[in-house]
Amino acid sequence: MTPAQWTIAVLPGDGIGPEVVRAAIGVLEDCSNQFGFRVTLIELPFGGNAIDQFGVPLPEQTLTTCLKADVVLLGAVGGPKWDSQPLDRRPEAGLLGLRRALRVYANVRPIQLRDPLRALSPLRLAPDTRVDFEIIRELVGDIYFGEHKVEGQGAGEHATDVATYSVPEIERITRFAFERARRRSRRVTSVDKSNVLATSRLWRRVVSRMGADEKDLTLDHLYVDNASMQIILRPGQFDVVLTSNLFGDILSDEAAALVGSIGMVPSWSAGDGPPLVEPIHGSAPQLVGQDAANPSGTILCISLLLREHFGVPKAAEAIERALDSVLADGIRTADIAELGSTVVGGSRFTAELRSRLQKEIARVKAQSAS
């Protein structure tokens, strides 16, 4: 049988992006060698480094290659160096443009507190409380993609950002969230601000109409301020959280605190074109060159990719077991360290994980042979 072959456009980006992407690629290559698939990796300029080289955050060649790839792997973008750029030429504008071009409208952010890190959660969790839910964030609408302008001068200067949603956009992301819920515990919480915002009133009306036809699902609604509080008070109540672009961006960063560090959270963006996988953390320029970045979120992006898109769940499970083994032995990067931990750099952490991954792969193969 001919091995499956996939092409991955690799965008290391800025700050710690190249470090964490390098770690993730090593893990992917380990799995490729052992699980019988092949990957072709094409590294491309993107974000601030693309601005430095080409004057724009998303060069045409980068975009063309991404559109032809099977998947796009992104590290991180941005940094103080490019803060003075006009809004449409900042690194973040390249990311918005990439999402739009790839037609990825649904962002999945798994919020899962891994057992070895329970002590790091800022919450006093009951022993039987599990933090394991998904935030489904609409990705190509809302205020991020509306008109942005600043007018006037002095005391008369004022700024405007326009948020827009259409019925088809809301229907599309709602269908996606409902399907995700069917793979889990069949509960959907839709988050909006319909007591104030017109876009949220439309959002709630459309989601409610669609939910009424889904007899196998449970749907409820929360205002975003209450949802923010409930994520802290009772995180175990959530299964799938459906929300808009802006609210999803904020809530997923808040929820990341529950799992020990923002460096532990991957994301997967799906739609009509090649999917985009990326950790949810930023470029952390203060960590560059210190070997201090936590690569776990990016490595878990590989796990997501293998399970959700490439259909190699055994490889995904092997990665996750290897990660849990490293964490359980107290080997930690600084952001997830606790009393008694062995604090190591990102490269040592990755080496430990890859060593244990080989053992997990051997175990999987032994089980398959028996």
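Me: What makes the ten strands one open sheet, and in which order do they sit?

Reply: In this predicted model, the ten strands line up as 2-1-3-12-11-4-5-10-8-9, with mixed pairing. From one strand to the next, the twist averages 25°.

Me: Why are strand 2 and strand 9 called edge strands?

Reply: Strand 2 (37-43) and strand 9 (218-223) each pair on one side only, and that is what makes them the edges.

Me: How do you know that strand 1 pairs with strand 3?

Reply: Two strands count as a pair if there are at least two bridges between them. Strand 1 (residues 4-13) and strand 3 (residues 71-76) are joined by five bridges, so the pair passes the cut-off. The two run parallel. Leu 11 stands opposite Leu 74 in strand 3.

Me: What does helix 9 touch when it packs on the sheet?

Reply: Helix 9 (residues 296-308) touches strand 1, strand 2, strand 3, strand 4, strand 11 (266-271) and strand 12 (276-279). Its direction makes about 40° with that of strand 11.

Me: And which strands does helix 8 lie across?

Reply: Helix 8 (residues 245-256) lies across strand 4 (104-112), strand 5 (132-138), strand 8 (187-192) and strand 10 (240-243). Against strand 5, helix 8 runs at about 155°.

Me: Why is Val 108 called buried?

Reply: Buried means under 20% relative accessible area. Val 108 comes in at 0%, so the word fits. This residue is found in strand 4.

Me: What is Val 108 in contact with, leaving aside neighbours within four places in sequence?

Reply: Its contacts include Glu 134, Ile 135, Ile 136, Phe 176 and Trp 268. As for Glu 138, that residue is 30 residues from Val 108 in sequence and 9.1 Å away in space, C-alpha to C-alpha.

Me: Which residues touch the most other members of the largest nonpolar core?

Reply: Ile 8, Leu 98 and Leu 306 do, out of 103 residues. Helix 10 (residues 313-328) gives the most to this core, with eight residues. Nonpolar side chains tend to be buried together in soluble globular proteins. Leaving aside neighbours within four places in sequence, Leu 98 is in contact with residues including Leu 11, Phe 46, Leu 58 and Val 72.

Me: How do you know that helix 1 has a span close to the expected one?

Reply: Helix 1 (residues 17-35) has 19 residues and reaches 26 Å from its first C-alpha to its last. The expected figure is 27 Å, at 1.5 Å a residue, and the two are close. Just after helix 1, Gly 36 takes a positive phi of about 75°.

How values were computed. Residues numbered from 1 in each chain as written. Predicted model: local features only at pLDDT ≥ 70, side-chain atom pairs only at ≥ 80, totals over all residues. Heavy atoms only, no water. Helix = DSSP H or I, 4+ residues; strand = E, 2+ residues; numbered from the N terminus. Expected span 1.5 Å × (residues − 1). Axes fitted to C-alpha atoms, helices over the stretch in contact; angles between N-to-C directions. Contact = heavy atoms within 4.5 Å. Core = buried A, V, L, I, M, F, W, Y, C linked by side-chain atoms within 4.5 Å. Buried < 20%, exposed > 50% of the residue type's maximum accessible area, 1.4 Å probe, protein only.
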